[in-house]
Amino acid sequence: MRHSLVFRLTLVTAAIIGVSFAAWAVIVHRSTSVAFIETQTEIQTGINPGLSEARVKEALEEAFRISGWSGAREVADLQVSLPDGAAFLIVDSKLAVGAATSSPLFNAQVVEDEDGMLHVNLETREDGVAFQFEMSSAHSPTLLDAAGRPWGRLVMLPDPPSRSIGERFAAQVWRGAALWLIGVVLLAMLVMAFVLRRSLAPIDRLTSAARELQAGQMPDRIASARESEFKGLIDAFNAAIESIATTECIRTQLISDIAHELRTPVTNIKGQLEACDAGLIKPDDEFLGTLKGETRLLERLVEDFQQLAISDAGQVRLNLQSLPLAEVVTNILAPAAEAAGAALHVEAPGDVDVVADEERLRQILLNLMDNAARHRPSGLRIDVTAEVDAQSATLVFRDNGPGVAPVDEPYIFERFYRAEKSRNRATGGAGLGLTIVKGLVEAMGGSIRYVRDASPGAAFAITLPRPR
């Protein structure tokens, strides 16, 4: 099951935001660790300045040779050769504090682990800040007496962290976090832009095709999209393009056919008049009859064109009413069959009514009769039967003419279509009759179709609604 585009874009957006935030958090964590190490390095850079440590060691050993531990404590109180803020303590062989630069340092606990690291723990210093410190035993010089025996170890302590160091640490962390955040956001925007660009690519193709159509060019068919929303839109657009192309083809063919249909009678009239003017033809009754015949043909063509235009525009005026089917059909076809010398057989229930316009129904049936008589000038037989259900009645009009070839069946209701391609007036009209018939039947709420069966001739089924 494919989810909607909105759901998928929302999911992708959430995933990009989540991954970006996780990446940013990891990067900031690593950046913070680096900043902490750098800050710690900065703090410890000031520990145990070499020159001061050597001088302190020398002063302590000298004082111890003279006065023992009391001398060492006096030196510690004086903080000989130490920079401002530096401190140290002296531990004995048991790591107990024996001397220190300040009284709180006597509370320090010094422990040496198996790796030779000294750990100094203080509850507080002068500024009230808890303090922990560790250093390698190798950096804790041994103090020797006059005989060269060790009597203690010197532990140089770092300065307590100052507020400025904390502020620099915080600034470094925030600066790194901000820079990485900007980078992550830009990367997320690029990824999101790529996803949106790819997802909305069908819209660009549709826009380009619509602009081609606006410029009067017929665009190529657009490849269908995977997204369900765009797939329906593109399929509808392709169908519209095909419909427009078909309509344009029909329009071009229509103009050509109209020109052809009008050209024949106009050419005949012009030729007759020019021959008369040249004295080749006398203006007698035969000449006038020919002109009248061509004029009637022009008049009929114009009426057909007008009727077709009205039908296409959906502006056919109808007087729909309930009509007795058998009676109306017989009254319409009987005189026409007699005039054409055709045998007529109508078989329809006498109590069945249909909703139709009597004049339009007359036009439909006479058009079918005229087509049948044209294709079967002699020996014509017309059979009309009715099939009735609760909602409609289907009138089947059948003749015994040559019928319609299977290759022509799909096109018989198209305008200007004639199975006889020469468009000879002796074998057919302009090819608008069945098109007009179809438009009139549909305007009355019915339908018409060609019926192909084993019986000879052509058969048309006209379905009309019944009164409710």
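**Notebook: ring pairs, salt bridges and a buried Glu**

I started at helix α9 (residues 358-375), where Arg374 and Asp370 sit four residues apart, so about one helical turn separates them. Their side chains meet in a salt bridge, at 2.7 Å from N to O. I looked up the cover on Asp370: its relative accessible area is 29%, so I put it down as partly exposed. Note to self: this is a predicted model.

**Overall counts**

I listed the secondary structure next and got ten helices and 14 strands in the protein chain. The chain has 468 residues, and 35% of them count as buried. For contacts with a separation of 6 or more, I find that 60% are between residues 24 or more positions apart. The accessible surface comes to about 27,700 Å², with 57% of that belonging to carbon and sulfur atoms.

**Other salt bridges**

My search of the whole structure gave eight salt bridges. As a reminder, side chains of opposite charge can pair when their charged atoms come close.

I checked Glu409, which bridges to Arg452 with the closest N and O atoms 3.1 Å apart. This one links distant parts of the chain: Glu409 is in the loop between β12 and α10, Arg452 is in the loop between β13 (447-451) and β14, and their positions lie 43 residues apart in sequence. Glu409 is partly exposed at 22% relative accessible area.

I also pulled up Asp145 with Arg149, where the closest N and O atoms are 3.4 Å apart. Are the two partners buried or exposed? Asp145 has 15% relative accessibility and so counts as buried, while Arg149 is exposed at 51%.

**Glu61**

I then went to Glu61 in helix α2 (residues 50-67). With 11% relative accessibility, Glu61 falls under the 20% limit and therefore counts as buried. What does its side chain reach? I found the backbone nitrogen of Leu144 at 3.0 Å. Leaving out residues up to four places away in sequence, Glu61 touches Thr142, Leu143, Leu144 and Trp151.

**Aromatic pairs**

Trp151 sent me to the rings, and I count five aromatic pairs. In the pair of Trp69 and Trp151, the ring centres are 5.0 Å apart and the planes are at 85°, so I log it as edge-to-face. Trp69 is in helix α3 (residues 69-78) and Trp151 in strand β7 (residues 150-157), so this pair ties together parts 82 residues apart in sequence. Trp69 is partly exposed at 25% relative accessibility, whereas Trp151 is buried at 8%. Ring pairs also bring in Phe64, making a cluster of Phe64, Trp69 and Trp151.

I looked at Phe413 and Phe460 too: this pair is edge-to-face, 6.2 Å centre to centre with 80° between the planes. Phe413 is in the loop between β12 (392-399) and α10 (433-443), and Phe460 is in strand β14 (residues 459-465), 47 residues away in sequence. Both rings belong to buried residues, with Phe413 at 18% and Phe460 at 8%.

**Helix α10 and a surface patch**

I listed the buried residues of α10, which include Leu434, Ile436, Val437, Leu440 and Val441. Just after α10, I noted that Gly445 takes a positive phi of about 85°.

Last, I checked the surface for nonpolar patches and found one made of Leu181, Ile182, Val185, Leu186 and Met189. Together they have about 460 Å² of accessible area. Ile182 is in helix α4 (residues 163-199).

Conventions
Residues numbered from 1 in each chain as written. Predicted model: local features only at pLDDT ≥ 70, side-chain atom pairs only at ≥ 80, totals over all residues. Heavy atoms only, no water. Phe/Tyr/Trp six-rings, centres within 6.5 Å; stacked < 30°, edge-to-face > 60°. Helix = DSSP H or I, 4+ residues; strand = E, 2+ residues; numbered from the N terminus. Buried < 20%, exposed > 50% of the residue type's maximum accessible area, 1.4 Å probe, protein only. Contact = heavy atoms within 4.5 Å. Areas by Shrake-Rupley, 256 points an atom, 1.4 Å probe, with all protein chains shown as cover. Patch = residues over 30% accessible without salt bridge, like charges linked within 9 Å, V, L, I, M, F, W, Y side chains within 5 Å. Salt bridge = Lys/Arg side-chain N within 4 Å of Asp/Glu carboxyl O. Polar contact = N/O pair within 3.5 Å; in protein donor to acceptor, adjacent residues only side chain to side chain.
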